[in-house]
Amino acid sequence: MDALDHFTIPVSGLRMGHHTFNFSVQSEFFSHFEGSPLKRGDLAVLLDFDKRSDMWELHFHIRGQVSTQCDRCLEEFSLPMEIEEQLLVKFAEEEWEDDTVVYVLAGTPRLNVARFIYEFINLAVPMVKTHSNAGALCNPEMLKFLRSREEAERDENPESQSSVWDALKGFKFDN
Ligand SMILES: [Zn+2]
């Protein structure tokens with residue numbers, strides 16, 4: 001049995017209309033996705049599944065936190081998340097998907113939603129994530145350490161800052 005099997009909606013057995021599903025996403029969940037940038041988390045997923053004859057409409061409410069590295073002080077911190085996402089599933093001769101619609105073969109009996117939940121969580125992580133996203137403060141010792149290391153690097157190699165400009169200057173003069 002696939003470890004993510006319990007994220008499968010048994011659509012063919014459902015009557016038409018709305019159905020509610022609850023899922024729990026724990027750290028183990030992320031290990032099933034190769035190269036996942038997220039490794040740890042604890043989130044609750046509430047899925048409203050609307051089965052209609054012409055399409056399925058899925059509404060996800062995902063709430064919890066993931067562990068991620070602060071881009072400023074490099075320390076691991078807990079990033080709170082509250083995600084609302086919608087997904088439309090329509091029927092086609094071939095399986096494919098675009099930005100807003102997933103197409104499955106007509107008569108498809110089941111739909112596993114683990115991958116969609118995984119993608120929604122990853123999309124919700126900001127490009128630059130710092131402790132301030134969690135309403136917390138960076139580790140001051142870590143900031144001090146990083147700053148001193150930066151300064152030390154500059155002292156050791158003072159030309160590194162201007163090398164690009166020097167190269168450009170050289171280029172100009174050669175012409
Ligand atoms: Zn920080």
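# A walk through the salt bridges, rings and surface

Lys-144 and Glu-141 make a good place to start: their side chains form a salt bridge, with the closest N and O atoms 3.7 Å apart. Both residues sit in helix α3, three residues apart, which is about one turn of the helix. Lys-144 counts as exposed because its relative accessibility is 51%, just past the 50% cut-off. Glu-141 is exposed too, at 53% relative accessibility. Keep in mind that this is a predicted model, and that everything here is read from its atoms.

Stay on helix α3 for a moment. The helix covers residues 140-156, and Glu-151 is part of it. On the surface, Glu-151 joins Glu-153, Asp-155 and Glu-156 in a patch of negative charge. How accessible is Glu-151 itself, exposed or partly exposed? With 43% relative accessibility, Glu-151 counts as partly exposed.

Now zoom out to the whole fold. The protein chain has four helices and eight strands. If you trace the elements along the sequence, the order is β-β-α-β-β-β-β-β-β-α-α-α. The chain has 175 residues, and 33% of them count as buried.

Back to the charges. The structure contains nine salt bridges, and the one between Lys-144 and Glu-141 is among them. Another pairs Arg-63 with Glu-82, with an N to O distance of 3.5 Å. Arg-63 belongs to strand β4 and Glu-82 to strand β5, so this contact ties together parts of the chain that are 19 residues apart in sequence. Arg-63 is exposed, with 53% relative accessibility, while Glu-82 counts as partly exposed at 49%. The cut-off for exposed is over 50%, so a value of 49% falls in the partly exposed class.

Next come Arg-52 and Asp-50, which form a salt bridge with their closest N and O atoms 2.8 Å apart. Is Asp-50 buried or exposed? Its relative accessibility is 9%, so Asp-50 counts as buried. Its partner Arg-52 is partly exposed, with a relative accessible area of 29%. This pair also has company: Asp-50, Arg-52 and Glu-57 are linked in a network of salt bridges.

On to the rings. How many aromatic pairs does a search of the whole structure find? The search finds ten. One of these is formed by Phe-29 and Phe-30, an edge-to-face pair with ring centres 5.5 Å apart and 85 degrees between the planes. Both Phe-29 and Phe-30 are buried. For Trp-56 and Phe-91, the ring centres are 5.3 Å apart and the planes meet at 80 degrees, so this pair is edge-to-face as well. The pair of Trp-56 and Phe-91 links distant parts of the chain, with Trp-56 in strand β4 (residues 55-69) and Phe-91 in strand β5 (residues 76-92), 35 residues apart. Trp-56 is buried at 4% relative accessible area, whereas Phe-91 is partly exposed at 27%.

So strands β4 and β5 have come up twice. The salt bridge of Arg-63 and Glu-82 runs between them, and so does the ring pair of Trp-56 and Phe-91.

There is also a bigger arrangement of rings to look for. Ring pairs connect Phe-7, Phe-21, Phe-23, Phe-29, Phe-30, Phe-33 and Tyr-118 into a cluster. That cluster includes the Phe-29 and Phe-30 pair described above.

The loop between β4 and β5 is worth a stop for its backbone, since Leu-74 lies there. Most residues other than glycine have a negative phi. Leu-74 goes the other way, with a phi near 65 degrees, a positive value in a residue other than glycine. At 37% relative accessibility, Leu-74 counts as partly exposed.

Finally, turn to strand β1, which spans residues 8-9 and holds Thr-8. Which residue lies 5.4 Å from Thr-8 in space, C-alpha to C-alpha, despite being 103 residues apart in sequence? That residue is Leu-111. Thr-8 itself is partly exposed, with 23% relative accessibility.

Note on methods:
Residues are numbered from 1 along each chain as its sequence is written. This is a predicted model: local features need pLDDT of at least 70, side-chain atom pairs count only at pLDDT 80 or more; totals for chains, interfaces and linings use all residues. Side-chain values use heavy atoms; hydrogens and water are left out. Patches are made of residues with over 30% relative accessible area and no salt bridge: like charges are joined within 9 Å, nonpolar side chains (Val, Leu, Ile, Met, Phe, Trp, Tyr) within 5 Å. Accessible areas come from the Shrake-Rupley method with a 1.4 Å probe; for residues, only the protein chains shown count as cover. A salt bridge is a side-chain nitrogen of Lys or Arg within 4 Å of a carboxyl oxygen of Asp or Glu. Lys and Arg count as positive and Asp and Glu as negative; His and the chain ends are not counted. The place of a charge is taken as NZ of Lys, CZ of Arg, CG of Asp or CD of Glu. Helices (H or I, at least four residues) and strands (E, at least two) are DSSP runs, numbered from the N terminus. Buried means under 20% relative accessible area, exposed over 50%, partly exposed in between (1.4 Å probe, protein chains only). Rings of Phe, Tyr and Trp (its six-membered ring) pair if their centres lie within 6.5 Å; planes under 30 degrees apart count as stacked, over 60 as edge-to-face and the rest as tilted.
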